[in-house]
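Got the viewer open? Let's walk through this one stop by stop, picking a selection each time and looking at what turns up.

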Amino acid sequence: MRIECPICGSRDRREFYYQGAAVALDRPAPDAGDAVWDVYLHLRDNPAGETRDLWQHEGGCGAWLVVTRDTVTHAISAVELASDVKRAMA
Amino acid sequence: MRIAGRGMIDRRKPVSFTFDGRRYSGFAGDTVASALLANGQRLMGRSFKYHRPRGVLTAGSEEPNALVTTGVGPASEPNVRATTQEIYEGLAVRSQNAWPSLDFDVMAVNDLASPYLGAGFYYKTFMWPRRFWERVYEPVIRRAAGLGALSGQPNADAYEKAYAFCDLLVIGAGPTGLMAALAAGRAGADVILADEDAVMGGRLNAESEIVEGQPGQAWAAEVVAELAAMDNVRLMPRTTVTGAYDGGMFGALERVNQHRARRGTGAPLECFWRIAAKQSILAAGALERPVAFANNDRPGIMMAGAVRVYLNRWGVAPGKQVAVFGNNDDAHRTARELAAAGVHVAALIDCREGVRVQGAAYPVLSGAQVCNASGRKELEAVTIRTASGEHKIQADCLAISGGWNPSVHLTCHLNGRPTWNADIQAFVPTPGAVPGMRAAGACNGVFSTRGCFVAGLEAATAALEALGRKPVAINFPEAEDAAYKLEPLWAVAGKGRAWLDFQNDVCVKDVAQAAAENFRSVEHMKRYTTQGMAPDQGKNSNVTALAVLADATGRGIAETGTTTFRPPYTPVSIAAMGAGGQGKGFAPERFTTSHAASLAMKAPMVEAGLWYRPSYFPRGQERHWRQSCDREVGFVRNAVGICDVSTLGKIDIQGPDAAKLLDLVYVNTFSSLKVGKVRYGLMLREDGFVMDDGTCARLGDQHYLMTTTTGAAGQVMRHLEFVTQCLHPEWQVHVISVTDHWAQFAVAGPKSRDLLNGLLDAPIDNASFPFMACGAVQLGGVEARLFRISFSGEHAYEIAVPARYGAALFDLLVARAEAMGGGAYGMEALNVLRLEKGHLTHAEIDGRATAGDVGMEAMVSDAKDCIGKTMSERPGLRDPKRGQLVGLRPVGAVKQLTAGAFLFAPGDEAIRENAQGHTSSVGFSPDIGTFIGLGFVTRGRQRHGERLRMVDHLREIEAEVEICAPVFVDPEGGRARG
Ligand SMILES: [Zn+2]
């Protein structure tokens, strides 16, 4: 498996640290309530298909990435800088 | 027996080697199997279960029988296929699975017991009593069964792993692969051509066909030479592509030096490659399959295609009187070529009716089958069944062909299933099963040489198009284009054991029995019979076994389906996959700048993550580590001690929003910290549990230096990157690890300031440098940083210098400390000192502790949000029944405490349900004069003075303890401020 880091180019997956769902970008306000925080921290979809994950290019440039991939075919359809994705959410 | 004028061996270069101690001679270019056959040695192994005598069946990596051990001692390697191992001068080869000798094997008694040893025997027999499973049955079964054995000594050979990249990976260098590589190479693509054989050419080297007016072998050599001359083509002979993985990745094993006497030279024996290919062409060829009949495993019975390989590639006739048996035209080719080479063909037996051969120099029996074979250690005769009955003919070799199975394996590694093709009675790859891969030629069911050339060119053209490259025109070589016709024949009817899986000793009746016992699914049949579960993974038997199962269950073969194909295609040694990971290579070592000095002082080193730190510094008469540790604790409490603390994580944080970042990641506030001051901080995970703790110094208005624990440095750094990139990319703040850039030493004890004032260019005092102050200082002209912080609770400092001055400064500090009645201290003393003060390590903040558990909930600022704050307010994390940090001291007869022990109320039974808490860290305190400990006890803070029973079930230690405050020395903290 290889991931196309927007900064470093195509790299072996061993250079990357896997975090989990990209939901982590969407940190709730402190007073958002238990249900919202529960969803943010614990409830995860388990899709057979497209998923968006956070990876860090820890053995490279250090950039956090949002990787869109298919859990059935393992095909990676997009790799974005997490900072760009977060800015676009604002 | 050698045939003059044939073969690709160098007859001017004899090579001698040994087999079971006996000396044999072959030629350069021979494999162990070809050289042994040339010498008339046909018995090469004993079978796995029944210890049946076995000869070589094939001429390739799929060989099930001729597995041998090469080399001696630590250099020995078991289960090497004699068909692929090239001989070299002095090579020592031993047979396997036979005792006392290959010729006379006592375990062959298993063969007589075979009526009791069929499929399911182990499952049914070794059931009871249960206690016999591990003690009796398993050792006995393991000794009786099995193939080669490991030497039991450490592997002294070097292995490598490496990455390679290309536009196009061509797997297999037969007619298809050569043509594909040629077309892609001429078009300028970056090509890797990998082939498991030492000589590229595949079946072109195995046949005597004419290609473009010259022998196929010569044509292949020409193409290989042209490819070798291209800068954009990389040839990888002796390299098996073993697996296809996601994103165009492939695993490949190169046997770099397995063909040479290279032990002890340091050169790698094997290299495991990871190849990243934009496109790939599978040109892996096909494997011929046997026909099952009674005693079809006799030495001398071989694949018909393999007989041609021995004849044409190595100039070896595998027998003097060869019978040929098949269900297709390819068998005829073997008979023809043997006769042309002057080998006596006893008969050509074709199961198809109405087959005629014009001008054959041997008897042709059409509509006939071979139904039995005789001769225990060597084939003597075969029994032929025709319409008119059965008769025997003399033969010392039987060449057999049941048709060809395309090598679809790699197309199935990403979960793909092959498709049944009734025309060739075999499975072919399902297109698109591996993205970017095209299967072409024989592995795609195309069997003529010309057909393979066409397929190779087409696949290359399509791959070039996908790569955005223009193909160049290629002149098409003339070659045979014979049709491939066969009539399915899987197993000849009859009594007696007819072998399917030679390597695991599975017979037709075993598959039939599995079906009868309702193991009808192919995956169940496989596991019940062990069909295809040997190292060869059933390469020449799986399809036939499926056909037998289909027949037994009344289903079609396509409907019965295949089992799952998994990497590796051929066995890969763990040593190659783990290359670089042996011994010290398993984990890199990180050394501090004082490492050499610590070793010179004879300090035993302990691992802290990847770091190595001194445990203690033994002196003179000390016979026990505790004596050294107690003395070193005394240095710090009474004089001055020196300890290297460089391994703690140091993260430099700069920018206008640095304070915002720290306020978010720490529970307490850092924006209010004054420049020149240090503050202790506690960090939570978002789920509310403690992540790490440490100090953070404000070096400038927009400049902080954070320290982390040694173990959590990487995690904290990643966390800060997460917060700055994923949560607040709008903040102007940068973080960088400077752990390795600074050497940092604790100077701790009442005389610490005196020591430092002897070294600093400008002296300090309590007013200019109070507790928790920090700032730049100069030390002999070197810019240094000084922090007045204390892990020991004493008046203490940490001084940091650029790492290049670390070694010199450590020596200097230790010398000065020794002159003042102190000296270096190690991890043991450091731990006791912090225990006496109740300071935390990851033994306490173990991922389950909250700020409240460790008594720090008051630090959590009400005035701001922080990571983990919301979730730390969950009821479960605020439960007063949670374990709270306490001190523990022994009060009963047993004075020893242990870490990880459970705590119980005095009258309670010591079982999990009654546990009131546990001990997290313990140590002997020379200041208190007893063991002291830290631990967590439910409602512990309200229970000071209560007594509990400590039970360490593992070490079988019990002690009575009293709960106390988790600070044993100087509870007011006056010493650190003095
Ligand atoms: Zn990167």
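How many of the 11 residues of helix H7 (residues 304–314) of chain B are buried? Before you click, keep in mind that this is a predicted model. Now select residues 304–314 of chain B: 11 of the 11 are buried, so helix H7 is largely enclosed by the rest of the structure. "Buried" here means under 20% relative accessible area. The buried set in H7(B) takes in nonpolar side chains such as B:Val307, B:Leu311 and B:Trp314, and charged ones too, including B:Arg308 and B:Arg313. Step just past the end of H7(B) and you land on B:Gly315, which has a positive phi of about 60°.

Next, zoom out and select the whole of chain B. Its C-alpha atoms fill a box of roughly 115 × 70 × 55 Å along the principal axes. Colour by secondary structure and you can go looking for 24 helices and 49 strands. Of the 978 residues in chain B, 58% are buried. Switch on a surface and you are looking at about 39300 Å² exposed by chain B, with 53% of that supplied by carbon and sulfur atoms. As for how the chain folds back on itself, take the contacts in chain B with a separation of 6 or more: 67% of them join residues 24 or more positions apart.

Now for the place where the two chains meet. Select the contact residues, and you should pick up 25 from chain A and 24 from chain B. Together the chains bury about 2200 Å², 57% of it on carbon and sulfur atoms. On the chain A side, show A:Arg2, A:Arg27 and A:Trp64 as sticks: these three lose the most area to chain B, and together they make up 28% of what that side buries.

Stay on A:Arg27 and bring up its partner across the interface. A:Arg27 forms a salt bridge with B:Asp865, with the closest N and O atoms 2.9 Å apart. Three salt bridges are found across this interface, along with 11 residue pairs in polar contact.

Last stop: which elements of chain A give two or more residues to the side that touches chain B? Select helix H1 (34–41), strand S4 (50–56) and helix H2 (82–89) of chain A. H2(A) gives the largest share, four residues. Colour that side of chain A by class and you get 12 nonpolar, six polar and seven charged residues.

Terms used: Residues numbered from 1 in each chain as written. Chains lettered and ligands numbered in written order. Predicted model: local features only at pLDDT ≥ 70, side-chain atom pairs only at ≥ 80, totals over all residues. Heavy atoms only, no water. Contact = heavy atoms within 4.5 Å. Buried area = accessible area lost by both parts, 1.4 Å probe. Salt bridge = Lys/Arg side-chain N within 4 Å of Asp/Glu carboxyl O. Polar contact = N/O pair within 3.5 Å; in protein donor to acceptor, adjacent residues only side chain to side chain. Buried < 20%, exposed > 50% of the residue type's maximum accessible area, 1.4 Å probe, protein only. Areas by Shrake-Rupley, 256 points an atom, 1.4 Å probe, with all protein chains shown as cover.
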